[in-house]
Amino acid sequence: MKIIYSVMIIVVLAFTSACSILDHSKVGEPASHESTVKDTEKQGSTESVTPILIVVDQTEQPGMNGNAFTFQVEQLPKGYALASMAWHSKKTQMNTTLVEAANNGATGDDGFYISGDGQFSGFIYPDAMKGEEGKVLFVFKNETGNELTWQKELTLK
């Protein structure tokens, strides 16, 4: 059952990322795709690697209680899917798998969440974390296990 939910979430995230109209001024740093570039060069391919584009929005969301930011995957290289999310600061180290994020989306627990239909995704945190400076990281994997990481430095509002 968890596999079915994971596949559904990945498909919905891919679809909604293509249809998103969020403010691109909040875009983070490009993904690290060095290993993928090396792999395609070894194969003699002239394909270019599509950069990862994620929008992180820290504006207050209507109907959202507490502290949170949302994120939207806008673009990612073909064959890659979201595998995990993380928040790393001096005070907090939080790593969340896609399945854990789906569970948090169903229960409303703090941490990274993805709604059951994949339409909403974000990070909910307690008041004690307000003002923390750190990095939000997103790890994407392909079928062969290659990973790409996207990260952005943030101060939690």
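**Warm-up.** Which residue in β6 is the bridge partner of isoleucine 114? Serine 121 is the partner to find.

Before going on, note that this is a predicted model, in which local features need pLDDT of at least 70, side-chain atom pairs count only at pLDDT 80 or more, and totals for chains, interfaces and linings use all residues. Residues are numbered from 1 along each chain as its sequence is written, and side-chain values use heavy atoms, with hydrogens and water left out.

**Exercise 1. Lay out the chain.**
Task: list the helices and strands in their sequence order.

Solution.
- Step 1: Take helices (H or I, at least four residues) and strands (E, at least two) from DSSP runs, numbered from the N terminus.
- Step 2: This gives three helices and eight strands.
- Step 3: Going along the sequence, you should read α-α-β-β-β-β-α-β-β-β-β.

**Exercise 2. Build the sheet around β6.**
Task: work out the strand order of the open sheet that holds β6.

Solution.
- Step 1: Two strands pair if DSSP finds at least two bridges between them.
- Step 2: Start with β5 and β6, which are antiparallel and share four bridges. Six residues lie between these two strands in a hairpin, and glycine 118 in the turn has a positive phi of about 75 degrees.
- Step 3: Now look at β2, which is joined to β6 by four bridges and runs antiparallel to it. Here alanine 68 sits opposite isoleucine 124, and threonine 70 sits opposite glycine 122.
- Step 4: With β1 added, the four strands come in the order β1-β2-β6-β5, with antiparallel pairing. β1 and β5 are the edge strands, each pairing on one side only. From one strand to the next, the twist averages 25 degrees, using axes that are lines fitted to C-alpha atoms and angles from 0 to 180 degrees between N-to-C directions.

**Exercise 3. Is β6 covered or open?**
Task: sort the residues of β6 by face and state how many are buried.

Solution.
- Step 1: Buried means under 20% relative accessible area, exposed over 50%, and partly exposed in between (1.4 Å probe, protein chains only).
- Step 2: In a regular strand, side chains alternate between the two faces of the sheet.
- Step 3: Ser121, Phe123 and Tyr125 lie on one side of β6, with Gly122 and Ile124 on the other, and all are buried.
- Step 4: That is five of five residues, so β6 is largely enclosed by the rest of the structure.
- Step 5: For the chain as a whole, buried residues make up 41% of the 157.

**Exercise 4. Find the heart of the core.**
Task: name the residues that touch the most other members of the largest nonpolar core.

Solution.
- Step 1: Collect buried Ala, Val, Leu, Ile, Met, Phe, Trp, Tyr and Cys residues joined through side-chain atoms within 4.5 Å.
- Step 2: The largest such core has 24 residues, and Ile54, Phe69, Phe112, Phe138 and Phe140 touch the most other members.
- Step 3: Elements giving two or more residues to this core include β1 (53-57), α3 (98-107) and β6 (121-125).

**Exercise 5. Track down the salt bridge.**
Task: identify both partners and say how exposed each one is.

Solution.
- Step 1: Search for a side-chain nitrogen of Lys or Arg within 4 Å of a carboxyl oxygen of Asp or Glu. The whole structure yields one.
- Step 2: The partners are glutamate 147 and lysine 141, whose closest N and O atoms are 3.5 Å apart.
- Step 3: Glutamate 147 is partly exposed, at 41% relative accessibility; lysine 141 is also partly exposed, at 38%.
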